[in-house]
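Please open the structure in your viewer and keep the sequence panel visible. This tour proposes a series of selections and states what is found at each.

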Amino acid sequence: MTGNDTHTERTMEENTQKSDGVKRLSRRKVIAATGAASVTGLAGCSGGNGNGNGNGNGNGNGNGNGNGNGGGEPEKPDSITVRAWGGAWQDNLDEYVSTPFTEETGIDVEYDNSSEDQMQAKIRTALQQDREPPVNVQWSLTKTSFQSFELELMEPLDTEVVPNITDLLGAAQPDAGDIAWPFVNLYSYTYALTYNTDEVDSEPTSWSMWWDDEWENQIGLYPSGHGITPVLAEMTDTELGPVEEMGPVWDEYESLRPNVGTIGEDSELTQSLRQGEVSMAVLLPANIVNAQDDGAPVDYTIPEEGARAGRDTMWVPRGQSDSLTYWSQKYINTAASTENIGPWCENLGVAPLHADAEIPSWMEEDVAFPTDQEQFDQMITPSLDVLTEYEPKWESRVNEIMGS
């Protein structure tokens with residue numbers, strides 16, 4: 001697995017990324033990233049006189065390749081743009097999703113490494129100004145996707161165009177009222193309790209041991225309490241909601257502060273844990289599996305209180321041409337296919353939400369990689385409504401307590 005250098009914002013990106021946030025890879029090689037992040041010149045966006053070569057109407061535009069067919073598929077653009085996390089996340093997406101898509105359709109895939117929040121704002125601004133959105137597919141966290149749904153930024157997925165999503169597990173479909181598929185959850189992951197086996201004598205059974213005096217400066221956290229605030233709410237029997245009504249959670253953070261030795265993203269936390277600079281940390285298990293492959297004395301567990309679970313999604317912004325909307329949804333269909341989602345998720349170190357996807361032996365029956373309802377029930381999964389409304393203020397409160 002290689003998806004170990006990133007977390008919520010997943011900002012660990014390759015040095016070749018340009019300052020405009022755009023990174024482009026074709027089917028066969030990396031293309032230098034040039035031009036603006038807002039890709040306004042995609043094929044299919046403006047009129048032209050290109051002639052199609054299919055059996056249908058096949059009228060392309062000046063930039064497209066004009067491929068039509070008798071089956072009713074819209075003309076094909078030269079490329080589509082996907083917002084993606086950089087580094088290993090983009091590399092794996094390119095190998096296991098984009099390359100098969102390009103080989104099947106002839107459409108190249110370009111990438112924009114803007115953060116989720118940045119891209120959400122760009123899409124919203126473009127729609128307000130009656131412009132086409134700067135990307136064709138948004139790959140993002142479930143919470144961000146739900147926010148975008150509430151902002152009416154999405155073109156709902158058409159199961160006739162994206163039939164593979166109907167083969168996914170129930171957890172793949174969001175609860176979005178009358179809209180069946182505004183976006184699709186593709187895989188799940190957990191924020192596990194990880195530990196250095198040279199420093200911790202036995203597998204921890206409860207998060208509560210973090211508060212023991214012997215672990216002063218020995219605990220590692222993500223910034224802003226990512227992955228752990230819902231756990232503290234579970235431990236203190238506190239309902240997640242307005243920050244002023246979660247006093248017991250903030251009291252626990254205050255008590256924990258002397259034991260916190262490192263606050264950082266995945267790469268920093270993993271390195272600190274490997275070297276014994278911290279003895280325990282909250283981390284995505286993929287980081288630990290990779291470190292174990294290197295012989296590091298580390299392991300992970302899901303304590304008795306459970307652990308927070310997360311999922312990542314794909315969706316298509318509205319405001320695109322019929323052609324770009326169709327082929328962008330076809331890209332998501334490729335990502336959700338049985339033959340692609342298994343190896344893609346294995347190399348990311350996450351659990352595919354597909355019952356027929358091939359799962360590696362180290363992931364099978366491991367509650368840290370939930371794939372069935374029984375395993376999901378053991379996890380702490382806050383409602384998207386609650387996260388959307390309150391989490392930013394939780395994060396600010398944690399930063400105040402931790403002095404960061």
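The stops below begin with the whole chain and then proceed to individual residues.

**The whole chain**

Display the entire chain as a cartoon, bearing in mind that this is a predicted model. The chain contains 11 helices and 14 strands. Of its 404 residues, 58% are buried. Next, switch to a surface display: the chain exposes about 16,700 Å², and carbon and sulfur atoms supply 39% of that area. Among the contacts with a separation of 6 or more, 71% join residues 24 or more positions apart.

**Ser145 in helix α3**

Select residues 142-150, which form helix α3, and locate Ser145 within them. Is Ser145 buried or exposed? Ser145 is buried because its relative accessible area is 0%, and the cut-off for a buried residue is under 20%. Now show its surroundings: apart from neighbours within four places in sequence, Ser145 is in contact with Ser140, Met154, Phe183, Thr313 and Trp315.

**Pro223 in a loop**

Move to the loop between β9 (219-221) and α4 (229-235), where Pro223 is found. With a relative accessibility of 24%, Pro223 is classed as partly exposed. Which residues does Pro223 touch, if neighbours within four places in sequence are set aside? They are Ile263, Gly264 and Glu265. Add Glu395 to the selection as well: Pro223 and Glu395 are 172 residues apart along the chain, yet their C-alpha atoms are separated by 8.2 Å.

**The salt bridges**

Turn now to charged side chains. How many salt bridges does a search of the whole structure find? The search finds five.

Begin with Glu254 and Arg257, whose side chains meet in a salt bridge with an N to O distance of 3.6 Å. Both residues can be examined on the surface display: Glu254 is partly exposed at 33% relative accessible area, and Arg257 is partly exposed at 41%.

Then select Asp294 and Arg274. They form a salt bridge in which the closest N and O atoms are 3.4 Å apart. This pair links distant parts of the chain, with the two positions 20 residues apart in numbering. Asp294 lies in the loop between α7 (285-293) and β12 (298-301), while Arg274 belongs to helix α6 (residues 266-274). Asp294 counts as exposed at 56% relative accessibility, whereas Arg274 is partly exposed at 29%.

Finally, select Glu391 and Arg308, whose side chains meet in a salt bridge at 3.0 Å, N to O. This pair also links distant parts of the chain, 83 residues apart. Look for Glu391 in helix α11 (residues 384-402) and for Arg308 in the loop between β12 and β13 (309-317). Both Glu391 and Arg308 are buried. Add Lys143 to the view, since Lys143, Arg308 and Glu391 are linked in a network of salt bridges.

**A negative patch**

Return to the surface display and select Glu346, Glu358, Glu364, Glu365, Asp372, Glu374 and Asp377, which form a negative surface patch. To examine one member, choose Asp377, which is found in helix α10 (residues 373-377). Why does Asp377 count as exposed? Its relative accessible area is 56%, and the exposed class begins over 50%. The tour ends at this patch.

Conventions. Residues are numbered from 1 along each chain as its sequence is written. This is a predicted model: local features need pLDDT of at least 70, side-chain atom pairs count only at pLDDT 80 or more; totals for chains, interfaces and linings use all residues. Side-chain values use heavy atoms; hydrogens and water are left out. Patches are made of residues with over 30% relative accessible area and no salt bridge: like charges are joined within 9 Å, nonpolar side chains (Val, Leu, Ile, Met, Phe, Trp, Tyr) within 5 Å. Accessible areas come from the Shrake-Rupley method with a 1.4 Å probe; for residues, only the protein chains shown count as cover. A salt bridge is a side-chain nitrogen of Lys or Arg within 4 Å of a carboxyl oxygen of Asp or Glu. Lys and Arg count as positive and Asp and Glu as negative; His and the chain ends are not counted. The place of a charge is taken as NZ of Lys, CZ of Arg, CG of Asp or CD of Glu. Helices (H or I, at least four residues) and strands (E, at least two) are DSSP runs, numbered from the N terminus. Buried means under 20% relative accessible area, exposed over 50%, partly exposed in between (1.4 Å probe, protein chains only). Contact means heavy atoms within 4.5 Å.
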